[in-house]
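Got a minute to see how the chains of one assembly fit together? Take a look at the picture first, and then we'll walk through it.

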There are 6 protein chains.
Amino acid sequence: MPYVHVQVAENDYSDDQKRAVMKRIVEALDEEMGRAPQSTNVVIQEIPKENWGVGFETIASMWSKR
Amino acid sequence: MPYVHVQVAENDYSDDQKRAVMKRIVEALDEEMGRAPQSTNVVIQEIPKENWGVGFETIASMWSKR
Amino acid sequence: MPYVHVQVAENDYSDDQKRAVMKRIVEALDEEMGRAPQSTNVVIQEIPKENWGVGFETIASMWSKR
Amino acid sequence: MPYVHVQVAENDYSDDQKRAVMKRIVEALDEEMGRAPQSTNVVIQEIPKENWGVGFETIASMWSKR
Amino acid sequence: MPYVHVQVAENDYSDDQKRAVMKRIVEALDEEMGRAPQSTNVVIQEIPKENWGVGFETIASMWSKR
Amino acid sequence: MPYVHVQVAENDYSDDQKRAVMKRIVEALDEEMGRAPQSTNVVIQEIPKENWGVGFETIASMWSKR
């Protein structure tokens, strides 16, 4: 405990980026809530862009316009 | 807000089917609960059939009998 | 199967509103993906407004300005 | 109802292992809480080892030292 | 790791019942998948009956007929 | 997008503590993954200590020995 589930749309994130996010979440829970780092689980789930809708548009559609 | 997580067993759903489900969920939350569409996230997660059990049988096993 | 988890900020939603959202989600999964209504689970989780952040603001703070 | 979401790091689990875990969870909910097996859903989600952090280390890193 | 999220409709379950379910889930993951008990988290979430729909009926409605 | 679900055992966390954790998670996703803060949702769910098991012990039992 704690358990943190991070959902992001797939975007070729590197392992370094994922580790950096995990590290900062563990630090935040340690420093702000006193949760011991070794008991904190952080899971990052990468969702296909076609499977994530925001309002009436998918992230695949939004990002294709960029 | 809101955030809706839809889990279904993998079944070759098309992007059109997924968009249609997302659209109707966003409309339902807008019309029934006044939630603004642009702030509503819908994530569809497709689970391998061997990884979903209902009672003592997996969906893979059930669907193989159809 | 399917299983749908709807998270919304607490807002005194009536049981009728919740049932209406559930009904429309079940119908959407039936009509768009052929999922039998009786096997579709919809769970609505109401989150305290102080516990939901969007960017650097909580929903409690946003709604207090309305 | 109930719905049980099991997250484990990917580890080449066989279908037999997954079925065995599902069976024992369904039995536990039946015998300890009286939940009918046929209404109990168990979903096993296998997470890439690089995407699961425990404290300041990923499971990929931990398991690479074994 | 692993992390198990059990959702059940509220039904005045005792702490003993909850502990028994947790114990059997931990044992199943240990004996079937070799997951060390001390690293296995099991969270039981009790959902208000009005907030859980199965098909076109809530659990509150179903259980009121019993 | 992204959506972050933080589960912690109930421990009388103040709103300030929760906001601080939310803020640092939003910053981490912005600075490490380029995710726009205003589109990042962070939900903190506080779980009763009797409902969270780690191995063969609940958090309620562990914390009662402190």
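Here's a quick tour, starting with a pair of helices and ending with chains that stay apart. Keep in mind that this is a predicted model.

**Two helices, side by side**
- Helix α1 of chain D and helix α1 of chain E, each covering residues 15-33, pack with their axes 9 Å apart and at an angle of about 165 degrees.
- Angles over 145 degrees count as roughly antiparallel, so that's how α1(D) and α1(E) run relative to each other.
- The crossing of α1(D) and α1(E) is right-handed.
- Among the residues where these two helices meet are D:Val21, D:Ile25 and D:Leu29 from α1(D), along with E:Val21, E:Ile25 and E:Leu29 from α1(E).
- Sorted by class, that contact is made up of 12 nonpolar, 10 charged and 2 polar residues.

**Chains A and F as matching copies**
- Turn chain A by 180 degrees, with 0.0 Å of shift along the axis, and you land on chain F with an RMSD of 0.0 Å.
- The two copies are thus related as by a two-fold rotation axis.
- In chain A, the residue that comes closest to that axis is A:His5, with its C-alpha at 2.5 Å.
- Chains A and F meet through the same surface, because 100% of the interface residues of chain A are also interface residues in chain F.

**A domain on record**
- An unreviewed UniProt entry lists residues 2-57 of chain A as "domain: 4-oxalocrotonate tautomerase-like".
- That span is 34% helix and 32% strand, and its end C-alpha atoms lie 33 Å apart.

**Chains that don't touch**
- Chain A and chain C make no contact, and their nearest C-alpha atoms are 14 Å apart.
- Chain B and chain E aren't joined by any contact either, with their closest C-alpha atoms 14 Å apart.

Note on methods. Residues are numbered from 1 along each chain as its sequence is written. Chains are lettered from A and ligands numbered from 1 in the order in which they are written. This is a predicted model: local features need pLDDT of at least 70, side-chain atom pairs count only at pLDDT 80 or more; totals for chains, interfaces and linings use all residues. Side-chain values use heavy atoms; hydrogens and water are left out. Contact means heavy atoms within 4.5 Å. Axes are lines fitted to C-alpha atoms, for helices over the stretch in contact, and angles run from 0 to 180 degrees between N-to-C directions. Helices (H or I, at least four residues) and strands (E, at least two) are DSSP runs, numbered from the N terminus. Angles under 35 degrees count as roughly parallel, over 145 as roughly antiparallel, 65 to 115 as roughly perpendicular and the rest as oblique. A crossing is left-handed if the near helix is turned anticlockwise from the far one by less than a right angle, and right-handed if clockwise. Ala, Val, Leu, Ile, Met, Phe, Trp, Tyr, Cys and Pro count as nonpolar, Asp, Glu, Lys and Arg as charged, and the others, Gly among them, as polar. UniProt positions are given in the numbering used here, feature names are shortened, and annotations may be inferred rather than shown by experiment. Copies are superposed by least squares on the C-alpha atoms of residues with pLDDT of at least 70 in both.
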